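Dear colleague,

I am handing over the structure below for your use. A short account of what was found in it follows directly after.

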Amino acid sequence: MRRFNLFANARMPAVWLALAALLLAAACGEAGGGSEAAKEQTLVIGMSAANIPVPDTTPTEGYEGMRFVGYQLYDALVNWDLSKSDKQATLKPGLAESWEHSDSDPTLWTFHLRKNVSFHDGTPFNADSVIFAFERMMNPQFEYYNAQLAGSSASSFRHIESYAKIDDSTVSIKTKGVYSFLPYDLTGILIASPEAIKKEGAGYVNNPVGTGPFRFMSMKQGQEMVLAKNETYWGGAPKLDQIVLRPISDPSARLAALQAGEIDWAEVPPPESIELLKSAGYQLLTNPYPHIWPYVLNVQDGPWKDKRVRQAANYAIDREGMSSVLLVGAATPSTQPMYKGHAWYSDKGEAYDYNPDKAKQLLAEAGYPNGFKTTFLVPSSGSGNMWPLVMNEYVQKNLKAVGIDVKLETIEWQTLLTQFLGGFPKDKEVGAYNISLPTISPTFYSMFFSTASIFPNGINIGGYSNPEFDRLVEKAETVFDESEQTAIFREASAILADDAPYLYVVHDLNLRALSPKVKGFVQPQSWFADLTTISME
Amino acid sequence: MGSFIWKRLLLMIPTLLGVTIVVFLMLKIVPGDPVNALVPTDATEAEREAVRARLGLDQPIFVQYANWLARVVRGDLGDSLVRRLPVADLLLPALQNTLLLAITAAIVSFAVALAVGVYSAYYPKSSLAATFNALSLAGIGLPNFWVALILIGVFSVALGWLPSAGMKSAGGGSFADIIRHLILPVAATVLSTVGVMTRMVRSTVSGILQQDHIFVLRAKGISPTKVLLHVLRNGMPTILNVAGLQFGYLLGGSVLVETVFSWPGVGQVIYQTIGQRDFPVVQAGVLIIAIAFVGINLIVDAAHAALDPRVRRV
C-alpha cells in the first residue's frame with residue numbers, strides 16, 4: 001500500500017513559514033521601542049503587593065501602599081524625615097509647620113499650618129481641609145464620612161478626643177488624657193482635597209488628590225499606577241517626571257523583571273539572588289527599620305511561663321548564622337524589640353549571644369533538664385514575614401539542639417493572622433506564634449506588651465505582664481521632652497530584653513534592588529521612602 | 001435542536017447554584033477574616049467588630065448567602081470589601097485579559113495538536129512521532145507554573161528576548177507590545193492542553209484510519225488531502241468535545257500562570273482576593289468562570305449535536 005504523504009503538499013510549509021515570520025516580526029518589532037519615554041525621567045517600581053493600592057488617604061496593601069502611594073500623593077500634618085540613612089527616621093513638620101501643647105492643659109494641642117500650599121487640583125490647603133479630613137474618618141454624622149477609612153486608620157485617631165478650627169491656618173486637637181505621642185499618630189492621617197472628595201463622591205479613589213510630591217495620573221487594576229511630578233510641591237519639586245508602580249507579587253518574577261530591565265526597582269528580591277545581582281552591577285540596598293521577626297510566646301501557660309525558659313530559648317538561637325549565612329545579609333540579629341543603633345535600643349538589657357550551654361543550664365534550672373515538647377504556629381508567607389519556611393526550620397534546629405522539641409504547624413497567612421488576633425487556642429498546647437510586627441510608633445510598647453493590652457483588650461497576645469514596665473510606658477505618654485522620653489523607652493526596652501516575652505530572632509533589613517540607572521535614593525531606616533531625590537541616568 | 005438547547009440552558013441553573021453554594025461555604029469554612037486586610041495590625045477587637053458589622057459579616061451565613069444571591073440575580077455582583085470598587089469593575093477588565101490569554105492559548109493548542117496529532121497518526125512508527133509522544137507526555141506532566149519560571153529564566157533573563165511580567169510595557173500597549181507579552185504566558189499555558197489534545201487527536205485519527213470507509217476511499221484513488229478531510233469530519237465531534245473541555249480548563253486553570261507572569265486576569269484577581277478573603281470578588285470570579293465553563297460546554301454540545309445527529313436524540 002502506498003503511504004500518503006500529507007506534508008508533500010507544497011503549500012502547507014509556506015503557510016507555516018509565513019505564520020512564524022509574522023509572529024517573529026511582531027515579537028521583535030517593538031523590542032527596541034520606547035525611546036521617547038526614555039527622555040522623560042521615569043522610575044518603574046516593582047512592588048511585592050498583588051495589586052496596586054487603592055489610593056485613598058489610607059491606601060490598601062498595608063505599609064507598601066502607604067510607602068508608594070500614601071506618602072507620595074499626600075502629606076500629613078506631621079511627616080516622616082526620610083532623608084538620612086544612618087539614623088532612624090524621625091518626625092518632621094508636614095502640612096503643619098509647628099505645633100505645641102498648652103502648658104496649663106497638656107491635652108490641648110495647637111497646630112500651625114503651612115501657608116500657600118495647594119492641592120493638586122488647585123484647591124488651597126487650610127484649616128478647613130484638615131477638619132474635613134478628620135470629620136471624614138471620625139464623625140459618623142458627617143456627610144462625607146467614610147466608614148472604611150475610619151476602620152483602616154482607627155489606630156491613628158484612637159487618642160483624639162476632639163478637634164477644632166481656630167483660624168484659617170490654625171487647628172487645635174484635644175487628646176483623651178495626656179498623650180505625648182500624638183504627633184506620631186498624626187503621621188497616619190493624610191489630608192485629601194475636600195473639593196475632590198465632594199465632587200467625585202465614591203469615585204474619589206479613581207481620581208485622588210492630595211498635596212504630596214507626586215500627583216495621580218492613571219491606574220489600571222492589577223497592572224499599574226502612574227504618578228507624575230508635582231511641580232509646585234511645597235517641599236521642593238521631585239527630580240523624577242513620572243513613577244510607574246507595578247504589582248508583581250511573585251519574588252522570582254520580580255527578580256526576572258528587574259534583570260530584564262522592565263522595572264528599575266524591585267522590592268524584596270529573593271535573598272539567594274543578592275550575590276548574582278551585585279556582580280551584575282545592581283544596587284543592593286539594606287538598612288534596619290522598625291520591624292521585628294519574633295515568636296510571640298505564650299507566657300500564661302506551660303513552660304514559657306518561666307522567664308528562665310524564655311531566656312534559654314533566646315540563648316539557643318544562632319542569629320548571626322541566620323542573618324549572614326542563611327539570609328545572605330538580608331537580616332540583622334534581634335535581641336529586643338528595637339535594633340542596635342535605634343535610639344530606643346538599650347545596651348543594658350540581656351544581650352543574647354549564641355550560647356547553647358547557657359541555654360541548657362537555664363533550662364535545667366527551670367526544671368527542664370531534658371527539655372520539653374511544644375508547638376509553634378507559623379505562617380507560610382505573608383507581608384513582612386520574610387522567608388518563614390527556611391527561617392522557622394533554622395530556629396527549630398537551634399532549639400532542638402538544647403532540648404526544646406518544636407513542632408512547626410505551618411498555616412496560610414490570613415488564617416494565621418486571624419488565629420493570632422483571637423489569642424492562644426484553649427483546646428491545645430501552643431507555645432508561640434511566629435509573626436512579624438511593626439514597631440514604628442512608640443505606641444507599640446503598650447499595644448504589644450502592657451498589662452492593659454492583654455488579649456482580648458488589646459493585642460498583647462502572649463499575656464505578658466510586668467508592673468514596672470506598665471508604669472514606664474504609662475509615664476512615657478505624659479512626658480513631652482524628647483530625650484527624657486527616649487530614656488524611658490530605653491529602660492522599657494531593657495526590661496523587654498530581660499523578661500523575653502518574645503523569642504527575638506532577627507530584624508528585616510528592607511532588602512531592595514535598584515538598577516544602576518537609579519541615582520540619588522537614600523535608603524532610610526523606615527518603612528517608607530522619599531522618592532523626590534531620585535533621578536534616572 | 002431548539003428544545004435541546006433549552007433543556008441544556010435550564011440544566012445550567014442548578015449547576016451554577018450548586019457552584020455558588022459550594023464556593024460560599026468553602027470561603028466561610030476556611031478561617032481568615034477580610035477585616036484583617038482593612039484595619040492596621042494594632043487595631044483593637046472593638047474596632048474590628050465595627051468594621052465587620054458595617055460589612056454585614058456579622059450576620060448568619062445563610063442570610064449573607066441569600067442577600068448575595070438576591071443581588072446577583074438582579075445583575076449586581078456587589079462591591080469588593082477591600083478595594084471599594086464594584087466587583088464588575090474589577091472582574092470585567094480582568095475577564096477580557098483572561099479571555100485574550102485563553103483564546104490565544106486555545107487556538108495555538110488546537111492548531112498544534114491537530115497538526116502533530118494527525119502527523120503522529122499517519123506515521124506512528126516514525127521517530128518524529130515518538131518524539132512528539134514523549135513531549136506530549138512531558139507537557140501533561142510538567143506543572144505549568146514551573147515551566148513558566150523556566151521560560152522566564154531562559155527567554156527573559158538569559159536571552160532577553162521577551163518580557164517577563166505584565167501585559168504591556170510601561171508606556172507601551174500597542175498590538176505588537178501585547179503580543180510580545182502574550183508569548184511566554186501562552187507557551188506555559190498550552191503545554192498540558194497540547195499534550196492532552198495531541199494524544200487524543202492521534203488516537204481518534206488512527207482509529208478512523210483503520211475503518212472500512214477510509215479503505216474504500218483510498219481504494220477509489222481519492223487524493224490524500226480529500227481523504228484527510230473525511231477523516232477530520234469523522235473525528236471532529238470527539239475532538240471538539242475535548243477541545244471545549246480543555247478551553248474551560250484554560251479559562252479557570254491559569255491562576256498560577258497569571259500569577260507568575262503578573263498577567264492581570266481573573267485568575268490573578270482570584271488569587272489575590274482569596275489571600276485577602278475578599279469574599280464578593282472571589283465569589284463573582286468563580287461564578288464567571290463557572291458560567292463560561294458551562295456556557296462553552298453548551299456551545300460544544302450544540303455543535304456536537306449539529307455535527308452528529310445521534311446526539312440530538314439524548
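The notes below take up a sheet in one chain and then the general make-up of another.

Please bear in mind that this is a predicted model.

Chain A

An open sheet in chain A is built from four strands, arranged in the order β4-β5-β7-β6 with antiparallel pairing. The edge positions are taken by β4 (96-101) and β6 (160-167) of chain A; each has a single partner strand, so one side of each is left without a neighbour in the sheet. From one strand to the next, the twist averages 20°.

The partner of β6(A) is strand β7 (residues 170-175) of chain A, and the two pair in the antiparallel sense over six bridges. Within this pairing, A:Ala164 stands opposite A:Ser172 in β7(A).

A helix also packs against this region: α4 (residues 127-138) of chain A lies across β5 (108-113), β6 and β7 of chain A. Relative to β6(A), helix α4 of chain A runs at about 160°.

Chain B

Which elements make up chain B? The chain contains 13 helices and zero strands, so that its elements, read from the N terminus on, are α throughout.

Along the principal axes, the C-alpha atoms of chain B fill a box of roughly 85 × 55 × 35 Å. Chain B has 314 residues, of which 41% count as buried. Among its contacts with a separation of 6 or more, 72% are between residues 24 or more positions apart.

With kind regards

Terms used:
Residues numbered from 1 in each chain as written. Chains lettered and ligands numbered in written order. Predicted model: local features only at pLDDT ≥ 70, side-chain atom pairs only at ≥ 80, totals over all residues. Pairing = 2+ DSSP bridges. Axes fitted to C-alpha atoms, helices over the stretch in contact; angles between N-to-C directions. Contact = placed C-beta atoms within 7 Å. Buried ≥ 20, exposed ≤ 12 C-beta atoms within 10 Å, placed from the backbone.
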